[in-house]
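Colleague: Could you take a close look at one part of this model for me? I'd like to hear about the helix packing and backbone turns in the second chain, and then whatever helps to place that part in its surroundings.

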Amino acid sequence: MSITPTPPGRGDTATVTAEEVAAGGIGSPPEPRQGARRSFLSSPVGRHVGLVIALVVLVVIGMVTAGDRFATGSNLRTVLTLAVVTGVLSIGMTFVIIGGGIDLSVGSLVALCTVWSTTVATQEMAGKSTWWLIVLVAVLVGMGSGLVNGIFIAYGPIVPFIMTLATMAAAKGLAEVISQKKTQVIRDTGYRDFFTGSVLGIPTQVIVFVLVAAVGWIALNRTTFGRRTYAVGGNPEAARLAGIDVRRHTMLLYVLMGLCCGIAAVLISARTNSGSSNLGLGYELDSIAAVVIGGTLLTGGRGTIVGTIIGVLIFSVLNNVFTLNNLDTSTQAIARGAIIVIAVLLQQRAARTELRR
Amino acid sequence: MPPEVNGDPGPDLVHSLGRRTFLVGGLAAATSAILAACTSNTPAADSSSSSSASSSGATTAASGSSSSSAVTSAVESSALTSSASNPEGKMVKIGFSAPAADHGWMAAITDNVKKVSSSMKDLQVSIVEGTNDVNQQISQVETFINQKVDAIVLLPFDGAQMTDVAQKATDAGIVVVNVDRVFSSPLSYRTYIGGDNYGMGVSAGRYIGQALKDKGVSNPKIAEVQGIASLPLTQDRSKGFSDALATFGFKVSNQVSAEFTADSGEEVTTNLLQAAPQLDALWNHDDDQGVGVLAAIQNAGRKEFIMVGGAGSANVMRDIKADNSVLKATVIYPSTQAASGVLLARLLVLGKGMADLKEQEVPKSLTLYSAVVTKANVDTYLKSAFES
């Protein structure tokens, strides 16, 4: 995953040094510095102080207004489970946006993956097959579609916004053709039972999300792949001069996004027990919103997985608190907009304070 | 034929521009003749190639103003005699346009139109590709007008926005049948046929109310999963539901809104079930999103209440028939209404009335009943149900 062949004509030593200069100098998350105060602000909690405040405020509102139903184990499981699909997509989106791109096609790709995999599941030939085939197909279709995005964006080159806009339309169309615009209900109960079950009281879906998030965090913070992602997004020219194969790396980012779409498709089709070209509507905006309020710069080069996760949780808790209080969706949409603005403002203020010190 | 792109008239439209000017001129003459309460139909008949089409156009325009009823009956009887002279011989040309078939119910609308038009020998229905772009639908209707079809059956994406072009078709002497989403002016169509959103709510409310009354529940918890909350049809359904429940002294205790999709249905219902730890009944407005609603209920392992669906998909009816989930009934929003619209258009063009009614004309408006499908009667509805 992290091995990139050095372009011919470049010395190894020079490459490594330059790459680190590019990565550290332009993009990577602020490293912990000396001093207790600073180390707090640069700790995961400190860097996302605005977000954490927003989340805490929401939780307090939830406990005050619907305490008996909010602060229960089963409600916690609900909040987490409903965060999972957007969560998985947002992890992939974090990589893409840090790498200087954007992916508007995720909702359509999720729809395509659910349709393709459930078609396989509902074919007579595959009637005997086990549910892992559905998973495999969903993941492969996701990665394949991501590869198409990646190849055209990196080697076309087509601007990511345009390319993924095109895929958004085309993937949805293809999903409609495959499913003939019908909802395909999965009759294989093993699939649903596994992905909507729980292990030691923790829903399987949440475990999948935690795994995806953990792998994402390690890949972004502890591997060459992650450092290159920051470098490519921060300054592609410097990254190229440093010996990074920028185009290849960009392509891989979209394949990674596609993989996340495949995983999200498995989770949503297990939960709704169906595949349909109408699934995934607006998921691209949900995940971009979560990533952006999580502090990732839309211009690339900067962002964190932890911020994204808190961003996703904020929206999930918001949904939950509103429903528990029997409030309508219009009010919820207003609150959602307000929270995006407030969280981003707090975030910027915190970032500026940190810089001044 | 491929739909015209708005702003680019295309060869067909350019060619027929002369004809159109001719038609509009004739129209002006026809309109002024009616306004003068003149019983003579000659100018309109001269200006149009098909005399039966122009006479029914005059009928429609006249029936809008109640004062000229003498004109209406005179023209109506002449239309009747002319159609009786060639029974079943005349080919009835109908243009059909509907929104994009992006969900099961809408796909079934067009499928049913195809079925009915191939089953009748004297029907020649041209079906254009469904679109959610109002401009495109307008140009589709304009193309039909230029083709001089006998009737246009129109399920508009937006009734108000399509009213002007429907008026134009009516003025051109074409029989316009408005399906489901009503135009803003009654002058712009001859007959309306559509489902009853308020009635859906009433049927669901009555079924749930009666079931809970029979069980002897005194203060029931009743939940409602809406479709898109901002749509008037959603508000009508909810109004009907709460009105019907009120007759039993019951009310809705929890209400959430999904977006007609399975994943949104699953999400809001999962939260809803947290908000309501105990329920007696749940009504879900739409069977497309119902797949997700039912999945959420099963994921939560909840069994203590009855669920009623909405619209009447085949999936849901199979579940009702199997009787192994909380889903006990659904209320119908007929997906056959556009097909019936085509049949009404045929009757109108041929100048026939509806056989079992006393009147000689097809009614101005038909609102379809929202039947309750339960295990007892599911077999009679399953064959006309749509695959969601």
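Modeller: Here is a walk through that part, followed by a few notes from elsewhere. Keep in mind that this is a predicted model.

Let's start with helix 13 of chain B, which spans residues 314-322. Its buried residues are B:A314, B:N315, B:V316, B:M317, B:D319 and B:I320. What lies over them? The cover includes a piece of the other chain, strand 1 (184-185) of chain A. From chain B itself, the cover includes helix 12 (287-299), strand 10 (327-332), strand 12 (372-374) and helix 15 (378-382).

Now follow the backbone out of that helix. Just after helix 13 of chain B comes B:D323, with a positive phi of about 55 degrees. B:D323 is not a glycine, and most residues other than glycine have a negative phi. B:D323 sits in the loop that links helix 13 to strand 10 of chain B. Strand 10 is also among the elements covering the buried residues of helix 13. As for exposure, B:D323 counts as partly exposed because its relative accessibility is 34%, in between the 20% and 50% cut-offs.

Chain B has another backbone turn of this kind at B:K148, again a non-glycine residue with a positive phi of about 55 degrees. B:K148 belongs to the loop between helix 7 (134-147) and strand 3 (151-154) of chain B. With a relative accessibility of 27%, B:K148 is partly exposed as well.

On to the helix packing. Two packed helices are described by the angle between their axes and the distance between the axes. For helix 6 (residues 104-119) and helix 14 (residues 337-350) of chain B, the angle is about 35 degrees and the axes are 7 Å apart. The crossing of these two helices is right-handed. Helix 6 of chain B brings B:W105, B:I109, B:N112, B:V113 and B:V116 to the contact, while helix 14 of chain B brings B:Q337, B:A338, B:A339, B:V342 and B:L343. Sorted by class, that contact between helix 6 and helix 14 of chain B has eight nonpolar residues, two polar ones and no charged ones.

One more spot in chain B is B:T170, in helix 8 (residues 159-171). Is B:T170 buried or exposed? B:T170 is buried, because its relative accessible area is 3%, and the cut-off is under 20%. The side chain of B:T170 reaches the backbone oxygen of B:S188, at 2.8 Å.

Since chain A supplies part of the cover over helix 13 of chain B, here is a quick look at that partner. Chain A has 16 helices and four strands, and 51% of its 357 residues count as buried. Among the contacts in chain A with a separation of 6 or more, 79% are between residues 24 or more positions apart. The accessible surface of chain A is about 15800 Å², with 68% of that belonging to carbon and sulfur atoms.

Chain A has a backbone detail of its own: the peptide bond between A:G156 and A:P157 is cis, with omega at about -20 degrees. A:P157 is in the loop between helix 7 (132-155) and helix 8 (160-179) of chain A. Finally, A:V52 lies in helix 4 (residues 49-70) of chain A and is partly exposed, at 25% relative accessibility.

Technical notes:
Residues numbered from 1 in each chain as written. Chains lettered and ligands numbered in written order. Predicted model: local features only at pLDDT ≥ 70, side-chain atom pairs only at ≥ 80, totals over all residues. Heavy atoms only, no water. Axes fitted to C-alpha atoms, helices over the stretch in contact; angles between N-to-C directions. Left-handed = near helix turned anticlockwise from the far one by under 90°. Contact = heavy atoms within 4.5 Å. Nonpolar A, V, L, I, M, F, W, Y, C, P; charged D, E, K, R; others polar. Buried < 20%, exposed > 50% of the residue type's maximum accessible area, 1.4 Å probe, protein only. Polar contact = N/O pair within 3.5 Å; in protein donor to acceptor, adjacent residues only side chain to side chain. Areas by Shrake-Rupley, 256 points an atom, 1.4 Å probe, with all protein chains shown as cover.
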